[in-house]
Amino acid sequence: MQRNSNQSVTVEKETPLEVDPGYLTVTDLNPVDEESYNENLEAHLQSLARDGVQALYASLFTLPTRPSPDGPLAQLPPPKTQLPRAKPLPKPKPQTKWEAFAAAKGIQHKVRDRREWDEEKQDWVNRWGRNGKNKQIEEQWITEVPLNADADYDPRKVARDARKERVAKNEKKHAQNVTRAAAAANPRDARKTDIEKTLATTRISTASMGKFDKKLDGEKKIRGVKRKFDPTEKSVSDEAKASVALLSRLESDAKKTRREPQAEESVLNTRKAVRFASKGRGGLALGREAAGGRSSRGGRGRGGKR
């Protein structure tokens with residue numbers, strides 16, 4: 001595009017151009033000149049581009065600058081144009097049980113330093129990780145052994161197992177807190193997850209592991225579930241253990257199902273029996289009939305004796 005020295009550096013239009021130096025963009029809201037557009041499209045577009053760039057340059061020269069090896073650089077202000085997001089805003093994470101308690105009590109989270117002072121070494125050491133303070137018992141050269149310890153007691157292994165157990169316990173509690181917070185934030189999803197777990201459990205409770213069961217609409221296919229068969233040949237000790245475990249389980253189940261019959265429970269339905277014997281007349285009529293029969297028989301007996 002050839003430069004026209006007669007054109008002014010000030011761009012004047014009916015509707016002023018909207019310049020956003022933060023994004024280095026210029027928006028022209030003026031209607032398109034149909035005559036110049038149809039006469040020479042290339043020249044019309046060059047004119048619009050020239051006006052936009054000129055307005056952008058004019059706004060950049062009004063901004064504060066800072067020195068640099070390549071010359072002065074303009075400090076761009078924050079953008080003013082609100083652009084739409086490609087994806088929705090991330091949902092805020094639900095508070096865990098401890099976070100809710102800390103917010104209610106006004107407890108502020110403090111980040112612990114990675115290093116701490118060791119009085120014995122007179123130096124700063126790591127709290128965890130390589131050469132961490134939490135591995136002090138594992139790495140010390142002498143350790144007291146309890147009197148009732150086994151012959152193969154290894155204090156370093158015991159300390160290492162205890163440390164790993166604490167880490168696993170903390171991770172488990174953290175996972176439970178996150179799950180509980182998510183369930184409290186969205187109970188519908190938690191209920192859906194429980195139903196899916198229950199459905200999956202019922203599917204694998206059959207002999208075919210749910211292979212021939214009727215599928216529900218929209219039910220997901222259960223993957224990674226296979227039926228496990230015990231080996232056909234076992235050692236005598238393994239068979240004995242399996243038999244003892246089966247008998248103990250049967251005995252425990254029998255104890256659960258066995259209970260003393262209560263007073264209100266009975267094998268005979270008394271009301272139905274009375275209705276059948278009295279032919280629907282009721283228990284009183286049946287009692288009168290039985291009493292009258294006994295009295296008449298008794299009277300005949302007493303009269304015979306006289």
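Glu138 is buried, with a relative accessible area of 7%; buried means under 20% relative accessible area, exposed over 50%, and partly exposed in between, determined with a 1.4 Å probe and protein chains only. The structure is a predicted model, in which local features need pLDDT of at least 70 and side-chain atom pairs count only at pLDDT 80 or more, while totals for chains, interfaces and linings use all residues. Residues are numbered from 1 along each chain as its sequence is written, and side-chain values use heavy atoms, with hydrogens and water left out.

**Overall composition**

The protein contains nine helices and six strands. Helices (H or I, at least four residues) and strands (E, at least two) are DSSP runs, numbered from the N terminus. Of the 306 residues, 11% are buried. The exposed surface is about 27900 Å², and carbon and sulfur atoms supply 54% of it; accessible areas come from the Shrake-Rupley method with a 1.4 Å probe, and for residues only the protein chains shown count as cover.

**Glu138 and the salt bridges**

Glu138 belongs to helix H4 (residues 136-139). Not counting residues up to four places away in sequence, Glu138 touches Arg156, Ala159, Arg160 and Arg163, where contact means heavy atoms within 4.5 Å. With Arg163, Glu138 also forms a salt bridge, the closest N and O atoms being 2.6 Å apart. This pair links distant parts of the chain, since Glu138 is in helix H4 and Arg163 in helix H5 (residues 155-185), 25 residues apart. Arg163 counts as buried at 14% relative accessibility.

A salt bridge is a side-chain nitrogen of Lys or Arg within 4 Å of a carboxyl oxygen of Asp or Glu. Side chains of opposite charge can pair when their charged atoms come close. The structure holds six salt bridges, including those in the table.

| Salt bridge | Closest N to O distance |
|---|---|
| Glu138 and Arg163 | 2.6 Å |
| Asp51 and Arg50 | 3.3 Å |
| Asp51 and Lys13 | 3.6 Å |

Asp51 lies in helix H2 and Lys13 in the segment before strand S1 (18-20), so the pair ties together parts that are 38 residues apart in sequence. Asp51 is buried at 14% relative accessibility, whereas Lys13 is partly exposed at 27%. Arg50 is buried, with a relative accessible area of 17%. Lys13, Asp28, Arg50 and Asp51 are linked in a network of salt bridges.

**Helix H2 and its surroundings**

His44 lies in helix H2 (residues 41-60) and is buried at 11% relative accessibility. Leaving aside neighbours within four places in sequence, His44 is in contact with Val32, Asp33, Ser36 and Tyr37. Leu45, also found in helix H2, is partly exposed, with a relative accessible area of 43%.

Val32, Tyr37, Leu41, Leu45 and Leu48 make a nonpolar surface patch of about 440 Å². Patches are made of residues with over 30% relative accessible area and no salt bridge; like charges are joined within 9 Å, and nonpolar side chains (Val, Leu, Ile, Met, Phe, Trp, Tyr) within 5 Å. H2 gives the most to this patch, with three residues.

**Strands**

Val26 is found in strand S2 (residues 25-27) and is partly exposed at 29% relative accessibility. Val26 and Leu56 are 30 residues apart in sequence, yet 6.7 Å apart in space, C-alpha to C-alpha.

Strand S5 (residues 115-118) and strand S6 (residues 123-126) run antiparallel and are joined by four bridges; two strands pair if DSSP finds at least two bridges between them. Glu116 has Val125 in S6 as its bridge partner. S5 and S6 form a hairpin with four residues between them, and Gln122 in the turn has a positive phi of about 55 degrees.
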